[in-house]
Every structure is written in structure tokens, then in C-alpha cells.
Amino acid sequence: MEIVFASRHDSDPLQWVQALQAALPEHNVSLWDGEAPSGQAQVAVVWAPPAELFAREPQLTHVFNLGAGVDALLRLPDLPADITLVRMEDGGMAVQMAEYVLHYLIRESRDLGRYASLQSQACWQPQADIDRAAWPVGVMGGGVMGRRVAQACAALDYPVSVWSRSGQPVAGAQAFGQEQLSDFLANTRVLVNVLPLTAATQGILSCTLFQHLQADAYLINIARGGHLVDADLLEALENGRLRGAALDAFVQEPLPKEHPFWAHPRIQVTPHVAGASLMAMTVNQIAGKVHAMTRGEPISGVVNRARGY
Ligand code: GLV
């Protein structure tokens, strides 16, 4: 079988090709060449692929996305309706996201950021003891990532809620279903977004939503920039509705140099690194699914296009 790798954002795509080839020796893996496409590929492994990939590879039956979010793929106008899209289900991302969230949660709840400025004044000044009950965490999204984040926060004894479409239970957390968003928000001081970006969740992090959070709330967005209304965040920081935010994803990436988030004293910007797809785990997962697919077995992580993830 012909398998092509196509990514517009990877600095070393040949490394991926080699790793995939090593994991799938019975198939022929190559870097997709837009100048001279073979037209024979049945499987593509992609991250932000060139738009013409689908028109020039008419034999494609399966596309494996290197990330969990398939929003960019679903926006491509020429994506054929009959191709099976498969998203990454973890690939080492969930544990990194949990770390990222814990970092900012602890930094806020223990006021650790303050010690840097106190140190610069050689000032020995302990901050108040932590009261975990005053730092309830609310995780939006109950998939693999959301559950791992919720469990990590619960393991450190923070009260945790999870809001998901299904409202299914998550160990150690209180679960809220789709219709219970305002109850979930009323239970939340540190809001963590790991939702997929779909028509239903675009712009969900808005001033209307911020108003339902507990006082002095903090936002951690590790999903997509499109979830957040940038101007509403700036306003919520200005009027004191929010105390701060850690943002890892942006509508335009790299975040333009003139964007106000960069210089804002209460916004922490990171360059879409909260949960990277680690090569070895990603390749393993994709190879396992390609094997299952060639044996005619069902594979997990198939995108439901109507749902958007
Ligand atoms: C990263 O942003 C992903 O979708 O996995």
C-alpha cells in the first residue's frame, strides 16, 4: 500500500517518513511531493496538509491526522466526503496537557509568581496558606485529554468538575452535561478548555460565559484559539472578572508580534506546546491502526464529521 506523509508545518518531515516506514515495513511510505504526486496513495498521514492533496490523490481512503483536533482538516473545501478521517487519541498529549494545567493551576493557587518579584527585592514574605476549596477547577471537554487533566487536578485534592456533551462520569470529578453549563461555571474558578473546535464551540469563551464563573477566575485555554473571543478576554481582565489567563492556542499562529496578548501582564502566552504529539507514540498508534485497517478490523478515533470531532 502507498502511504504519504504531508505536513506544511513540520521542520523535519523526513524523520516522520522514516519512523512510519520503520513501523510499517510492508507498505511504502514517502513524503508527499506536490510537484510529482503518484496519485496512488491510499493512506495519508497529515498535519495541516496542502489543500491540493485530496484532488491529486484520488485513491485515498484513510487520512490520519497527527493531532487530536481535526478542525483545520474539516475546513478544507476539497476534502472528499467518503474519506475516513482518523484523529490522534492521545500520542502522549494528555499527560503533557495535565502537566501544563497543573503548572498554571499551582502557580495561581499558591501565588508562586509573586515570589519572583519578592526575590528581586530580597523580601522574605510568605503568602497565605492554600485553601484548595477556594480553587475549584472546571474542565470543558470529557474526552481522553479532559479526563486526564481532571484526574491530575483531583489527585492533588482540588475540587474538579467536567463539562461534556454526554455528561458521562469522570473518576474524582463532578460531571455536568451539555444543558448544565451555567451550573458547571458556577462551580468553577479555574476554567480549562480542551474542547474540540466545532461550529457549536466556536467563540464559547466569551464575556457571557466569563460572567457565570466564580469571582477572580483564571482561564487556561489549551484547545484552539477559535474558542476564545480575544476582545472579551481583554475586557474581562480589565474589569476584574478574570484574574489572568494561560493561552497556548491562537486564531493566528504564530501569534502576530503586535497582538495585545504578548505584552499583557496577566496573560501567559505559550506557542502551542501544551500537548505535542510525540513521534514514537504517534507512529505506534498510527501503525497499529493501519494494521487493523488492512485486516478489515474496526479502528478507534474515526471522526464523526457531523459532530466535528
Ligand atoms: C493539537 O493542537 C492537536 O490537535 O493535537
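How many nonpolar, polar and charged residues does the shell around the ligand have? Keep in mind as you look that this is a predicted model. By class, the shell has 3 nonpolar, 3 polar and 1 charged residues. You can put names to them: Trp-47, Gly-67, Ala-68, Gly-69, Met-93, Arg-224 and His-272 surround the ligand.

Let's go through the polar atoms that face the ligand. Ala-68 brings a polar backbone atom to 2.6 Å from an oxygen atom of the ligand. Next to look at is Gly-69, where a backbone N or O atom sits 2.7 Å from a ligand oxygen. With His-272 it's the side chain that does the job: one of its polar atoms lies 2.6 Å from an oxygen atom of the ligand. As for cover, the ligand exposes 190 Å² when taken alone, and the protein buries 89% of that.

Now step back to the domains. The domain assignment splits the protein into domain 1, made of 2–91 + 277–294, and domain 2, which runs over 93–269. Going by C-alpha atoms, the centres of these two domains are 32 Å apart. Where they touch, domain 1 puts in 12 residues and domain 2 puts in 7 residues.

How big is that interface? The size of an interface is often given as the accessible area lost when the parts come together. Here, domain 1 and domain 2 bury about 700 Å² between them, and carbon and sulfur atoms give 50% of it. On the domain 1 side, Asp-71, Glu-89 and Asp-90 lose the most area to domain 2, and together they account for 58% of what that side buries.

What holds hands across the boundary? There is 1 salt bridge between domain 1 and domain 2. If you follow the side chain of Asp-71, you'll find it in a salt bridge with the side chain of Arg-224, at 3.0 Å from N to O. Arg-224 should ring a bell, since it is also one of the residues surrounding the ligand. Between the two domains, 4 residue pairs are in polar contact. The domain 1 residues that touch domain 2 come out as 4 nonpolar, 4 polar and 4 charged.

Note on methods: Residues are numbered from 1 along each chain as its sequence is written. This is a predicted model: local features need pLDDT of at least 70, side-chain atom pairs count only at pLDDT 80 or more; totals for chains, interfaces and linings use all residues. Side-chain values use heavy atoms; hydrogens and water are left out. Domain bounds come from an automatic or database domain assignment. Contact means heavy atoms within 4.5 Å. Buried area is the accessible area (1.4 Å probe) that two parts lose on being put together, summed over both. A salt bridge is a side-chain nitrogen of Lys or Arg within 4 Å of a carboxyl oxygen of Asp or Glu. A polar contact is a pair of N or O atoms within 3.5 Å; within protein, one must be able to donate a hydrogen and the other to accept it, and residues adjacent in sequence count only if both atoms are side-chain atoms. Ala, Val, Leu, Ile, Met, Phe, Trp, Tyr, Cys and Pro count as nonpolar, Asp, Glu, Lys and Arg as charged, and the others, Gly among them, as polar. A residue is near a molecule or strand if one of its heavy atoms lies within 4 Å of it. Accessible areas come from the Shrake-Rupley method with a 1.4 Å probe; for residues, only the protein chains shown count as cover.
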